[in-house]
Each structure stands twice: as C-alpha cells, then as structure tokens.
Amino acid sequence: MTLKTPSKDIQLEFAGKHQEIAVVRLSRPAKRNAVNDALVLSLRDIFQNMPASVRAAVIHGEGAHFCAGLDLGELQERDAGQGMLHSRMWHAALEQVQYGPVPVIAALHGAVVGGGLELASACHIRVADKSAFYALPEGSRGIFVGGGGSVRIPKLIGVARMTDMMLTGRVYNAEDGERAGFAQYLVPEGQAFEKALALAERVAANAPLTNYALMHALPRIAEQPADQGFFTEALMAAIAQSAPEAKTRVRAFLEGKANKVSKD
Ligand code: 1HE
C-alpha cells in the first residue's frame, strides 16, 4: 500500500506481513535527496499522521545517497529571522521522528551529510552499508547545524569528534563511522535497506509499551540526575510489567513456549 504525501520528494509505503512497517523514502535523487522546506514539512506530517497499525518505520534514500542535507538553494533566500524559524521547523519535524509513535530505523548509504546526518541521528537505530560516509560540511559553508545536530550528534559520537568534523571538514567512511558510533550495524554495499527492514520486523514484534519506554523514557532518564533517573526507571518498569502483554510474554517463557536468548 502507498499513501499520497504532500511532497512528491518523499514517499510512504507499508511493508511486513500485516503492513505494520512504514517505509519512508527520500525520493529526490537528482538533488541527492537534499531536503527542501516542502520535504521537511512532509516528513513531519508523515510521522504525525502515522496509521495506528504501524509498529516500526524505516527511512531510506533513493539513488546513490541517503541525503545531502539541507537544500542549499533555498538557504540563500532567508534572512536571520526566517533562518531561526526554518531551524525550528526542522526541529519540529525531527522531533516527530524521534518522539513520534514508533521506533525508526535509518538505512544509510552514500552521503549522510549535514541535515542528512541530523535526520539519521533523530532515528533510533542506524544501519549503514559500506558506501556510507558522514560529514558536516556546514563548517566549510560558513553556516552551522540547524536540524538538531548539535544536540543529537554529540550523543552518538561525542562533542570532540563533532567539533573536529565541523572545524576541519573531516569525512568518516563507513568503517570508521561505525567505530565512532554513527551506525550500530555495518553491512555490505546494497544491503542496508534489507537489514533495516529485518530489524524493523523484530522491533515491530515487541510489546508496544516496551518500545514506547525505549523511545520516550530511556532518553529522558539518561538526561536525569541518577537519583531521579532511578526513580523514573522504577515507574516505567512498574507500568511496563503490569501490562497484560508483559504477563503473557513472561508466562510463555516460563512454560517453554517463548524463544531463549541465543548468540546465533
Ligand atoms: C544539492 C545539494 C544540497 C547536491 N543542496 N543541491 N550539505 C552539503 O554541503 C552537501 C553538498 N553536496 C555534496 O557534497 C555532493 O552533492 C554529494 C557528495 C552529496 C553528492 O555528490 P555527487 O557528485 O553525487 O552529486 P553532485 O553533482 O554534487 O550533485 C548533483 C545535483 O544535486 C547538483 O545539482 P545539478 O542541478 O547541478 O544537477 C547539486 O547542486 C545538487 N545538490 N547536494 C542543493 N545540499 C537544517 S540545517 C542543515 C545544514 C545542512 O545540511 S547544510 C548542507 C550540507
């Protein structure tokens, strides 16, 4: 099934046995999936209006690159006030990705740069293939990140690495990028989407409340002082374990009907 979206540069389809996985595709390959205003607003709308049947999402890019970042063609036309509003528009859209209804897995290949890296960093899991490379060319273009990158990217790779990338134009290849923390999975070229979809199917099979806790409670707990974090964790744990689905799943394990943890 395909849904019509406001921008022709972004597509939404559904995959999985029960159409429970949303597949969001940046679809502007001639411009390397550079993100213009219409596209960022459509991204926000897609996550805001996600059908309740969806349990996980995958974001990927059409063509040879995931995303070349902000459409620099539109940048030239903004003054300072408009620039502020524009950045806040990106924040609102990527907030919907990070704190929306379902976990989001980014399938990365080719350029993952500027706003493309900011989008990837708002996702919950990143799978990269060997063609992926990461950069923040804002540094050399005389601008700054504006899509939440200064908040989210240091959480993946640390402030020192991000500062170096922006000051020197350093580009991380796929292997170094995985080691630095950009991606959690590194797969052969051409396989990122397939791997992301397989992970989405596993994520979609979790109890929805567990996924909610991971998306909404964990990042907040991680920002809290330890004493408050422990308390919030206890609240979330109590709520999750009291859900009927948790009781059913634990009983199934005790009765030998659920999968064991296996390293294979
Ligand atoms: C673009 C953009 C773009 C490509 N805005 N038009 N981002 C950047 O600074 C990345 C700039 N892009 C690149 O470095 C390269 O394009 C790539 C490494 C991504 C791909 O290289 P390549 O050789 O495959 O493609 P290309 O020939 O450079 O580009 C193909 C076309 O896409 C070309 O347009 P054409 O009309 O001449 O065919 C490019 O101009 C166009 N294009 N990237 C506009 N970004 C919320 S704040 C976020 C801040 C930022 O993200 S700053 C942007 C950082």
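**Exercise 1. Describe the surroundings of the ligand, beginning with the residues that come nearest.**

Solution. Around the ligand there are 22 residues, a residue being near if one of its heavy atoms lies within 4 Å, and Lys31, Ala68, Leu70, Gly115 and Arg141 come nearest. The structure is a predicted model, in which local features need pLDDT of at least 70 and side-chain atom pairs count only at pLDDT 80 or more, whereas totals for chains, interfaces and linings use all residues. Residues are numbered from 1 along each chain as its sequence is written, and side-chain values use heavy atoms, with hydrogens and water left out.

Next, take single atom pairs. A polar side-chain atom of lysine 31 lies 2.7 Å from an oxygen atom of the ligand, and a backbone N or O atom of alanine 30 lies 3.4 Å from an oxygen atom of the ligand. A polar backbone atom of leucine 72 is 2.9 Å from a nitrogen atom of the ligand. Taken alone, the ligand exposes 1,000 Å², and the protein buries 65% of that (areas by the Shrake-Rupley method with a 1.4 Å probe).

Finally, strand 6 (111-113), helix 4 (115-122) and helix 5 (138-141) are the elements that give two or more residues to the shell around the ligand; helices (H or I, at least four residues) and strands (E, at least two) are DSSP runs, numbered from the N terminus.

**Exercise 2. Decide whether arginine 32 and asparagine 33 are buried or exposed, and locate them.**

Solution. Arginine 32 belongs to the loop between strand 3 (21-26) and helix 1 (37-48), and asparagine 33 lies in the loop between strand 3 and helix 1. Buried means under 20% relative accessible area, exposed over 50%, and partly exposed in between (1.4 Å probe, protein chains only). With a relative accessible area of 44%, arginine 32 is partly exposed, while asparagine 33, at 0%, is buried.

Turn now to the backbone. Most residues other than glycine have a negative phi. Phi of arginine 32 is near 55°, a positive value, and phi of asparagine 33 is near 60°, also a positive value.

**Exercise 3. How many residues of helix 4 are buried, and which are they?**

Solution. Helix 4 is mostly covered, with eight of its eight residues buried. They are Gly115, Gly116, Leu117, Glu118, Leu119, Ala120, Ser121 and Ala122. Of these, Gly115 is one of the residues that come nearest to the ligand.

Notes. A polar contact is a pair of N or O atoms within 3.5 Å; within protein, one must be able to donate a hydrogen and the other to accept it, and residues adjacent in sequence count only if both atoms are side-chain atoms.
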